[in-house]
Every structure is written in C-alpha cells, then in structure tokens.
Amino acid sequence: MQVPLSHFDLARLAEAFPEQPLLNWVRLAPIEAEDPDAVRLEQSWRQLCLRNRGPEEGCVFLKDNSCSVYPHRPSACRTWPLDLNAKGQLEVSPAHHLLYTTACDKTPFKETRPIKRALGENAEEFKAYRRLLKQWNALSNDKPEKQHFEAFWAFLKPFTRPQPELL
Ligand code: SF4
C-alpha cells in the first residue's frame, strides 16, 4: 500500500522526529507528470509517500502490528479504507476493497460524523497541497539545482501552520 503525503503530513512527521531527516520516512516514488500529486524533484516527477521497510513489506512505522506514530500518522491513515461515494455516503474505497475484505474485521462504524468530517479535512488538505505543487513545479522548471527535497520542504514549510485538527 502506498500512503501519499501532504505538506501537513510532513509537518507532523517533522514534529514527531525533530532530530531526524524527513527522508528517513519519506519516499520519492516515480509518478506520471500528469498526476495531480506529481512534484518536480531530482529532474524527474515524484510523489511523496511513506517509506516501506522493504519492497514487499509494510510501512516503516508498523511495529508489532500497530502504528508506532499513531498521533502523528498521515491524514490518509486516519480514514483508511473509507471514502465518500457520489451520494456523500461512507463506503470502503474501491482502491482498498481487496485489502479491506481480507485484512479487516468489518466491524460496523458506529459514529460516522467524525469520519466524514476527517475525510472533508483530508480533501481540503490535499487541495491546498496540490495548489502548492503547481507553484513549485512552475518555480523549479528549468532550475535543476532547486529540484531537491530539502528545497521543496523549505518552500512548503511556511504553509504548514496551523495544522488542522485531526481525527
Ligand atoms: S497507520 Fe501508521 S503504520 Fe499504518 S500506514 Fe499509517 S503510519 Fe504506517
């Protein structure tokens, strides 16, 4: 599973691990230029995602079958595997259906309002992130010396406060 990250997710990880480089946890995955999450880095198109422990292994933060950064986990993790359908109803996202049906206990969700609210906040967070990506991609065009993660994070950082309240 690939967990996409926004600028707010980077800020949460930076807060959790102030002494460590974010690239310990962040993977710059190859992506098509047309994808809304594509960022121009290392003279290529990349998507910021959580690192996995290995090609066939789980997230770097998964320890003894639980999340070792639970209060700082990315926004996509907070509502997984749910999404809102066209009628505004909660459903298991089609992209996660197979994993959900094999891995989860399918306990019915008793309180849906906080999840719906969190999904709305996630969507706003990624909308804001994608606007920043457009700016960065325009700014760094033809400037290969700027196209590295540290410069990108320095560009994003001023836009990460205040962080939204999360589920
Ligand atoms: S919930 Fe925690 S362990 Fe699971 S993918 Fe998210 S950060 Fe990783």
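Here is a chat between a biologist and a modeller about a predicted model of a protein with a ligand.

Biologist: Let's start with the overall layout. How many helices and strands are there in the protein?

Modeller: Reading along the sequence, you meet the pattern α-β-β-β-β-β-α-β-β-α-α-α. Count up the two kinds of element and you get 5 helices and 7 strands.

Biologist: What share of the 167 residues is buried?

Modeller: To count as buried, a residue needs 20 or more other C-beta atoms within 10 Å of its own. Across the 167 residues of the protein, the buried share is 19%.

Biologist: And the contacts between residues at least 6 apart in sequence: what percentage of them join residues at least 24 apart?

Modeller: Leu13 and Val69 show how distant parts of the chain can meet: they sit 56 residues apart along the chain, with their C-alpha atoms separated by 8.5 Å. For the protein's contacts between residues at least 6 apart, the part joining residues at least 24 apart is 60%.

Biologist: Now the middle of things. Which element gives the largest share of the largest nonpolar core?

Modeller: That core has 18 residues, and those touching the most other members are Leu5, Leu10, Val39, Leu48, Cys49, Leu50 and Phe152. Two or more residues each come from helix H1 (7–16), strand S2 (39–41), strand S3 (44–50), helix H4 (113–139) and helix H5 (149–156). The largest share is 4 residues, and the element that gives it is H1.

Biologist: Is H1 itself mostly covered or mostly uncovered?

Modeller: In H1, the buried residues are His7, Phe8, Asp9, Leu10, Ala11, Arg12 and Leu13. The elements covering them include H2, H4 and H5. With 7 of its 10 residues buried, H1 is mostly covered.

Biologist: Take Leu10. Which residues is it in contact with, leaving aside neighbours within four places in sequence?

Modeller: Leu10 is one of the buried residues of H1, and it's also among the core members that touch the most others. Skipping those sequence neighbours, its contacts are Leu5, Leu22, Trp153 and Leu156.

Biologist: Same helix, another residue: is Leu13 buried or exposed?

Modeller: Leu13 is found in H1, and it touches Leu22, Trp25 and His72, not counting residues up to four places away in sequence. It has 22 C-beta neighbours inside 10 Å, and the cut-off is 20 or more. So Leu13 counts as buried.

Biologist: On to H4. What should its 27 residues span?

Modeller: H4's buried residues are Asn122, Glu125, Phe126, Tyr129 and Leu133, and they pack against H1, S2 and helix H2 (75–79). For the span, you use 1.5 Å a residue, and the end C-alpha atoms, at 39 Å apart, agree with the expected value. That expected span is 39 Å.

Biologist: How many bridges join strand S1 to S3?

Modeller: S1 covers residues 26–30 and runs antiparallel to S3. One pairing to look for is Val26, whose bridge partner in S3 is Leu50. The number of bridges joining S1 to S3 is 5.

Biologist: Which residue in the turn between S2 and S3 has a positive phi?

Modeller: S2 and S3 run antiparallel, joined by 3 bridges, and Leu41 stands opposite Ser44 in S3. The two strands form a hairpin with 2 residues between them. A phi near 55° is found there in a residue other than glycine, and with 12 C-beta neighbours inside 10 Å that residue counts as exposed. The residue is Glu42.

Biologist: Where is Asp142 found?

Modeller: Asp142 has a positive phi of about 65°, although it isn't a glycine. It is exposed, with 7 other C-beta atoms within 10 Å. You'll find Asp142 in the loop between H4 and H5.

Biologist: Last stop, the ligand. How many charged residues does the shell around the ligand have?

Modeller: The ligand is surrounded by Val3, Leu50, Cys59, Phe61, Leu62, Cys67, Val69, Arg73, Pro74 and Cys77. By class, the shell has 9 nonpolar and no polar residues, which leaves a charged count of 1.

Biologist: Leu62 is in that shell, so how does it count: buried, partly exposed or exposed?

Modeller: Leu62 is found in strand S4 (residues 62–63). It has 15 C-beta neighbours inside 10 Å, and therefore Leu62 counts as partly exposed.

Terms used:
Residues numbered from 1 in each chain as written. Predicted model: local features only at pLDDT ≥ 70, side-chain atom pairs only at ≥ 80, totals over all residues. Near = placed C-beta within 6 Å. Nonpolar A, V, L, I, M, F, W, Y, C, P; charged D, E, K, R; others polar. Core = buried A, V, L, I, M, F, W, Y, C linked by C-beta atoms within 7 Å. Contact = placed C-beta atoms within 7 Å. Expected span 1.5 Å × (residues − 1). Pairing = 2+ DSSP bridges.
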